[in-house]
Amino acid sequence: MTDTDRPGKIIAVHLNYVSRADQRGRRPAAPSYFFKPASSIGRSGGTVERPAGTELLAFEGEIALIIGTAARRVSVADAWSHVAAVTAANDLGLYDLRANDKGSNVRSKGGDGYTPLGPALIDAASVDPAALRVRTWVNDELAQEDTTAGLLFPLPQLVADLSQHFTLEAGDVILTGTPAGSSVIVPGDVVEIEVDVPDAPGAPTSGRLRTTVTQGELPFDPAVGSMPAVDDLQREEAWGSREAAGLPEGAPAKPVLSAELRAKLIEAPTAGLSSQLRRRGLHSCFIDGVSANIPGAKIVGAAKTLRFVPAREDLFAAHGGGYNAQKRAFDAVAEGEVIVIEARGDASTGTLGDILALRARARGAAGVVTDGGVRDFDAVAEIGLPVFSRGAHPSVLGRRHVPWEHDVTIGCGGATVQPGDIIVGDSDGAIVIPAALAEEVADAALAQEAEDAWIAEQVAAGHPVDGLFPMNADWRAKYEGRT
């Protein structure tokens, strides 16, 4: 493709190769997608810039589908007829910005030149979509190789699925996922990607899509927007393994609260933390309507999210049985995390019971927050797992809910919760704290607690609250001059 052949839409699949899914430790039940801007299109032989102040630019060799004729609500059987061509693509991504637009990938995947395509097009009508191969070389070393036989979701299914939601128009591009082997590239590296059909007559090929990495000189402006940030989890996922990232083996793969910050949040009451969030303009961080199953329980941990959708018999048959999203979430919860469940405030059935509570406890979970009900309520409490819920209910999950997905942004008790948000719960209820604010909010809440305790002493000594709560200048001077 040339620079002027810009598609109207670029749609990319989050995860689609078995090899990549196994590497990431999760297999989605259905495809999910994100958009890339047309300005990210690049050509073979071009360059891509790693922005100043960043370290984790990663390549992803992929098969790109070019739509030939408009597709709207097409069947899987008919879908391939709407694909004009196949070519090579590099779905470049900057992991330093991944958390800033989690899931949407707007900035981490949308940079100029972050979608090189080409150089040649393979006629889709002449090839079997199940017989394509993609290979990637970095500095002439083979880094990726897989075939469409290893896809979770076949290429025609992607076309049919997307066409259910919007019209795929001529020239639109679908990026179909990357296999295992994606890793970090640095300035000076040369990435080459080829898509071919080795067993077809003439072995059609896209030729090698070649991109050279350069170093950018202009840093991002902190006065304008969020800044790049990395942690060991991002390094591990960008490089493909802890070993490749140069991280010590056996270290935790997920970011965790430091012992110091956890201790602060355990000491700080949710009422004080909530007040500090409001002072910073965050008024919707309280999870309404939930209370603890164990009197006096306090939970602190990073959120691992789980979403249920309303019960529908056909969907429950397809998604409710087997190793469903609920079981996957409880099997994958990390030590110190809090499982947060979106049940739409419907407490008329259980969202977990004693078996899953045992699993969460064995995994070291800090607790569970659900805006639904809990089965085996007393047994769950005896297990010792703190659960903040709307109360007990004996019914099973399928009465009201279908387990749908985990590790996504959810709504729980009227509050938006993203994976990695900090959850704190005590006798006043449960709140959500953006991870980037947790330290600041904890320190401020503890400082306010100390101030309130001093004010309480003055009131107990007989002083009127007028001018003392809140403190006027005179009382403030006395407080700051105390010994």
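**Entry 1: Glu 192 and its partner**

I began with Glu 192 in this predicted model and found that Glu 192 is buried, at a relative accessible area of 10%. Its side chain meets that of Arg 210 in a salt bridge, with 3.5 Å from N to O. I noted that Glu 192 sits in strand E13 and Arg 210 in strand E14, 18 residues apart, so the pair links distant parts of the chain. Arg 210 is partly exposed at 38% relative accessibility, because that value lies between the cut-offs of 20% and 50%.

**Entry 2: Asp 196 and Arg 133**

Staying on strand E13, I looked up Asp 196, which forms a salt bridge with Arg 133, their closest N and O atoms lying 2.6 Å apart. Arg 133 belongs to strand E10, and 63 residues separate the two partners. I checked the accessibility of each partner: Asp 196 is buried at 6%, and Arg 133 is buried at 17%.

**Entry 3: Glu 60 and Arg 20**

I then turned to Glu 60, whose salt bridge with Arg 20 has its closest N and O atoms 3.3 Å apart. Glu 60 is in the loop between strand E5 (57-58) and E6, whereas Arg 20 is in helix H1 (residues 18-24), and the two are 40 residues apart. Both are buried, Glu 60 with a relative accessible area of 8% and Arg 20 at 4%. Following shared partners, I found that salt bridges join Arg 20, Lys 36, Glu 60, Asp 91 and Lys 109 into one network. For the whole model I recorded a count of 26 salt bridges.

**Entry 4: the nonpolar cores**

Which residues touch the most other members of the largest nonpolar core? I listed Ile 63, Leu 65, Trp 80, Val 86, Leu 168, Ile 174 and Ile 185, out of 43 residues in that core. Among the elements that give two or more residues to this core are strand E6 (61-67), strand E7 (83-90), strand E10 (133-138), strand E13 (190-196) and strand E14 (209-215). Helix H3 (155-163) is also one of these elements, and H3 gives the most, with 5 residues.

I followed Ile 185 further and, leaving aside its neighbours within four places in sequence, found it in contact with Leu 57, Ala 58, Phe 59, Leu 92, Val 138, Val 191 and Val 213. I also noted a second, separate core of 20 residues, which includes Ala 325, Leu 352, Ala 365 and Leu 397. As background to this entry, nonpolar side chains tend to be buried together in soluble globular proteins.

Key
Residues numbered from 1 in each chain as written. Predicted model: local features only at pLDDT ≥ 70, side-chain atom pairs only at ≥ 80, totals over all residues. Heavy atoms only, no water. Core = buried A, V, L, I, M, F, W, Y, C linked by side-chain atoms within 4.5 Å. Buried < 20%, exposed > 50% of the residue type's maximum accessible area, 1.4 Å probe, protein only. Helix = DSSP H or I, 4+ residues; strand = E, 2+ residues; numbered from the N terminus. Contact = heavy atoms within 4.5 Å. Salt bridge = Lys/Arg side-chain N within 4 Å of Asp/Glu carboxyl O.
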